Amino acid sequence: MEFSIPTSVSDENPRATFNYVLEVKNSDKESSIKYDDILLSFKYKQDMVGNNTIPRFDQGKDNNAYQHVPSVDINPLVWRALAKEISHGTAKLDVELITSIKYKTWGIKSKHHKVKYQGVLAIGSDGKIKDKKKRVKLHRSKKWKIRTSGFLSAN
């Protein structure tokens, strides 16, 4: 699993992208989960860095799903300030995941449930996740409920 972002700004090319892999765990042995499109947003302080949509997918019982996102454009208005913090190893991005899910248990489908996860992604000066495990767990918002867990990870 990976998350990477450039570590500096080039005057010739002020644009940049980042990429990541989202791991979604379903530890329920009796229910599969059908995800609607997943919206992932990344913010630096109050400014939007980038966002993207992962297309809907089904996840089996007691299963991990990996969603590879090859490229997310970084907002050029935010990039210089963010790159400076990355070079010092002090950058943090707020991550938000929003989707709707349906459970299927013993052949019976549930109604749609809205879910929202949030987390903070600390980025080292190498442009990778700063945590020793190279992994960030996203936690559900207090207003929303879900029985799965989401992770952003890096090698």
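Here is a walk through the confidence, the aromatic pairs and two backbone oddities of this structure.

Keep in mind that you're looking at a predicted model. The average pLDDT for the protein is 82, and 85% of the residues score at least 70. How that confidence is spread along the chain is worth a look before anything else. Strand β4 comes out highest, at 93, while strand β12 (residues 149-153) sits lowest, with a mean of 45. Residues 144-155 have a pLDDT below 50, yet in the model this stretch makes 64 contacts beyond near neighbours in sequence. So when you scroll to β12, remember that it has the lowest confidence in the protein, since pLDDT is the predictor's own confidence in each residue.

Now for the rings. A pair of aromatic rings is described by the distance of the centres and the angle of the planes. This structure has four aromatic pairs. Take F18 and F42: their centres are 4.8 Å apart and their planes meet at 80 degrees, which makes the pair edge-to-face. F18 belongs to strand β2 (residues 17-26) and F42 to strand β4 (residues 38-44), so this pair ties together parts that are 24 residues apart in sequence. Both of these phenylalanines, F18 and F42, are buried. They also have company, as F18, Y20 and F42 make up one aromatic cluster. And F42's strand, β4, is the one with the highest confidence.

Y35 and F57 give you another geometry. The ring centres are 4.7 Å apart with the planes at 20 degrees, and because planes under 30 degrees apart count as stacked, that's what this pair is. Here too distant parts of the chain are linked: Y35 is in strand β3 (residues 31-35) and F57 is in strand β6 (residues 57-59), 22 residues apart. Y35 and F57 are both buried.

From F57's strand, β6, move along to the loop between β6 and β7 (63-73), where you'll find D62. Its backbone is the thing to check: the phi of D62 is near 45 degrees, a positive value in a residue other than glycine. Is D62 buried or exposed? Neither, quite: its relative accessibility is 46%, so D62 counts as partly exposed.

W106 does something along those lines too. Its phi is positive, at about 50 degrees, although W106 is not a glycine. Where does W106 lie? Look in the loop between β8 (91-105) and β9 (108-109). With a relative accessible area of 68%, W106 is exposed, because the cut-off for that class is over 50%.

Technical notes:
Residues are numbered from 1 along each chain as its sequence is written. This is a predicted model: local features need pLDDT of at least 70, side-chain atom pairs count only at pLDDT 80 or more; totals for chains, interfaces and linings use all residues. Side-chain values use heavy atoms; hydrogens and water are left out. Rings of Phe, Tyr and Trp (its six-membered ring) pair if their centres lie within 6.5 Å; planes under 30 degrees apart count as stacked, over 60 as edge-to-face and the rest as tilted. Helices (H or I, at least four residues) and strands (E, at least two) are DSSP runs, numbered from the N terminus. Buried means under 20% relative accessible area, exposed over 50%, partly exposed in between (1.4 Å probe, protein chains only). pLDDT is the predictor's confidence in each residue, from 0 to 100. Contact means heavy atoms within 4.5 Å.
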